[in-house]
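Let's ask how the labels on a protein structure are earned. Each answer sets a value against a cut-off.

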Amino acid sequence: MFSRTKLRAIYSDNKVMKSFVFSDMDTSFQCYEQFAQFYQTAKGWIFDDIKITLNNWFGANMSAVLGGILDKIAGTNQISIESNNDKVLEILKKNGFLSGYGYQSIIDANNTTVPFLKLKSNESRYFHFYVTNELLGKTAFPAMSPQLRRKISESIYEIFVNAQMHSGTDYIYSCGQFYPTKHKIEFTIVDTGIGFKNKINSSFGVHMNAVQAIKWATTEGHSTKEDVPGGIGLALLKEFIKMNNGKFQIVSDNGFFETTAQSENARFLSFPFPGTIVNMQFRTDDTNSYQLASQVNLNDIL
C-alpha cells in the first residue's frame, strides 16, 4: 500500500528537526514517487536535523537510491535513520549502508546481500570486480554460458561507464539483494547527474521528454558517444531480463520506464528525480539455461 511521504517539523530552541517517513518501499512506481517527492521537499534545507523513518518495509537494494539522495541534501544537515522494523535495520547493517549513519555493520552469514557501494566516477575497475563477484557470482543467479555471463557483466558495467562519462555525477551508487523465498535478485545502480533527457537534448538539439529519452537510450544503436555504437548494453539486459521473466526499470528526471516479459510501462513522476536509477530484477526460479544466439548457431554447425 502506498503512503505518501510524511513531513513533520519540530521547533525547539530555534532549531528545526524535520522528519520523513517512507512506507513500504519496494520497486513500484509509487516507491520512486516517494523518493522524488522527498528530494523535491528537502533539497533546499540547510542547518537542519533530518530524521528518516523507514516504516514496515524497505527493499535493501533501494539503499542505492536513498544513499544518493541523502548525499545530495546532506551539506550542513545532520541525518539520522530509524525503522519500526528490526529486520529492515538488520539487513541494512548487513549490506553496509547504515555504517554511514552511526550503526555498526554486521556479517551477512546468509550471503544474500550485494553490498552497498559508493564509488567515485573514476573508480570503474572496482565496479567491474564488484558486479562479477558480488552479483553474478551468486549461486542463485540464472544458469548461463560463460560467454553470456561475460556479456551480461559488460552490459551492467556499461551502465556505470555511461554515468561516468555523460551524467556529470560525482558518485555512483549500487546495491542489491537476494530474496530466496521470493525467488529473485534485485540490483540497483544510481547516479545523481544530469539525466538522460538533458544529455540527449543537449547533444542532438532535440526536445525529448524524459520518457522519450529513456526509450531512445535503451534502443540498440543509439548513443551520445561519437563514432561508438550505443544502446547495446541496455538492449541486451532488457532482452535477457524479459526472457528470465524479471523486471527492468529506469527512472531519470521525471520519467519512469519499466519492461517485463508481459508488458512495457512508461509514466511520469510528479517530481523529477535528481539523476538516474537503473533497477534490474532477475528471477532465480528460472530453470532455463541461457547462451548467446551466436553460440547456438555454432553448436548447430558442430
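**Pairs, sheet and packing**

Q: What makes E7 and E8 a strand pair, and in which sense do they run?
A: In this predicted model, strand E7 (residues 171-179) and E8 are joined by 8 bridges, in the antiparallel sense. Pairing needs at least two bridges. So the pair qualifies by that cut-off.

Q: Which residue of E8 is the bridge partner of Phe 178?
A: Ile 185 is the partner in E8.

Q: What lies between the strands in the hairpin of E7 and E8?
A: The hairpin has 4 residues between its strands. In this hairpin, His 183 takes a positive phi near 60°.

Q: How do you know that E8 also pairs with E10?
A: Count the bridges again: 8 of them join E8 to strand E10 (residues 264-283). The cut-off is at least two, so this counts as a pair. The two strands run antiparallel. Thr 188 stands opposite Asn 279 in E10.

Q: What makes E5 a partner of E7?
A: There are 6 bridges between E5 and E7, which run antiparallel. At least two are needed, so E5 and E7 pair. Thr 113 has Gln 177 in E7 as its bridge partner.

Q: In what order do the strands of the open sheet stand?
A: The order of the 5 strands is E5-E7-E8-E10-E9, and the pairing is antiparallel.

Q: Why do strands E5 and E9 stand at the edges?
A: Strand E5 (113-120) and strand E9 (247-259) each have a single partner strand, so each has one side without a neighbour in the sheet. On average, neighbouring strands of this sheet are turned by 15° against each other, direction ignored.

Q: Which helices pack on the sheet?
A: H5 lies across E5, E7, E8 and E10. Its direction is about 15° to E8. H6 packs on the sheet too, and touches E9 and E10. The direction of H6 makes about 70° with that of E9.

**Buried residues**

Q: What makes strand E8 mostly covered?
A: E8 spans residues 184-191, and 8 of its 8 residues are buried. Lys 184, Glu 186, Thr 188 and Val 190 point one way. Ile 185, Phe 187, Ile 189 and Asp 191 point the other way. All of these are buried.

Q: Why is Val 190 called buried?
A: Val 190 has 1% relative accessibility. Buried means under 20%, so Val 190 counts as buried.

Q: Which residues is Val 190 in contact with, leaving aside neighbours within four places in sequence?
A: Val 190 is in contact with Ala 64, Val 65, Tyr 171, Ile 172, Tyr 173, Phe 273, Thr 276 and Ile 277.

Q: Why does Thr 192 count as buried?
A: Thr 192 is found in the loop between E8 and helix H6 (195-204). Its relative accessibility is 14%. That is under 20%, so Thr 192 counts as buried. Not counting residues up to four places away in sequence, Thr 192 touches Gly 68, Lys 72, Thr 169, Tyr 171, Tyr 173, Pro 274 and Gly 275.

Q: What share of the chain counts as buried?
A: Of its 302 residues, 55% count as buried. The chain exposes about 14,200 Å², and carbon and sulfur atoms supply 49% of that area.

**Helix pairs**

Q: Why are H4 and H5 called roughly antiparallel?
A: The axes of helix H4 (residues 124-135) and helix H5 (residues 146-167) come within 10 Å and cross at roughly 150°. Angles over 145 count as roughly antiparallel, so H4 is roughly antiparallel to H5. The crossing of H4 and H5 is right-handed. H4 brings Ser 124, Phe 127, His 128, Val 131, Thr 132 and Leu 135 to the contact. H5 brings Ser 153, Ile 156, Tyr 157, Phe 160 and Gln 164.

Q: Why are H1 and H2 called roughly parallel?
A: Helix H1 (residues 29-42) and helix H2 (residues 63-74) have axes that come within 10 Å and cross at roughly 5°. Angles under 35 degrees count as roughly parallel, so the label fits H1 and H2. Phe 35, Phe 38, Tyr 39 and Ala 42 in H1 meet Val 65, Leu 66, Ile 69, Leu 70, Lys 72 and Ile 73 in H2.

Technical notes. Residues are numbered from 1 along each chain as its sequence is written. This is a predicted model: local features need pLDDT of at least 70, side-chain atom pairs count only at pLDDT 80 or more; totals for chains, interfaces and linings use all residues. Side-chain values use heavy atoms; hydrogens and water are left out. Buried means under 20% relative accessible area, exposed over 50%, partly exposed in between (1.4 Å probe, protein chains only). Accessible areas come from the Shrake-Rupley method with a 1.4 Å probe; for residues, only the protein chains shown count as cover. Axes are lines fitted to C-alpha atoms, for helices over the stretch in contact, and angles run from 0 to 180 degrees between N-to-C directions. Angles under 35 degrees count as roughly parallel, over 145 as roughly antiparallel, 65 to 115 as roughly perpendicular and the rest as oblique. A crossing is left-handed if the near helix is turned anticlockwise from the far one by less than a right angle, and right-handed if clockwise. Contact means heavy atoms within 4.5 Å.
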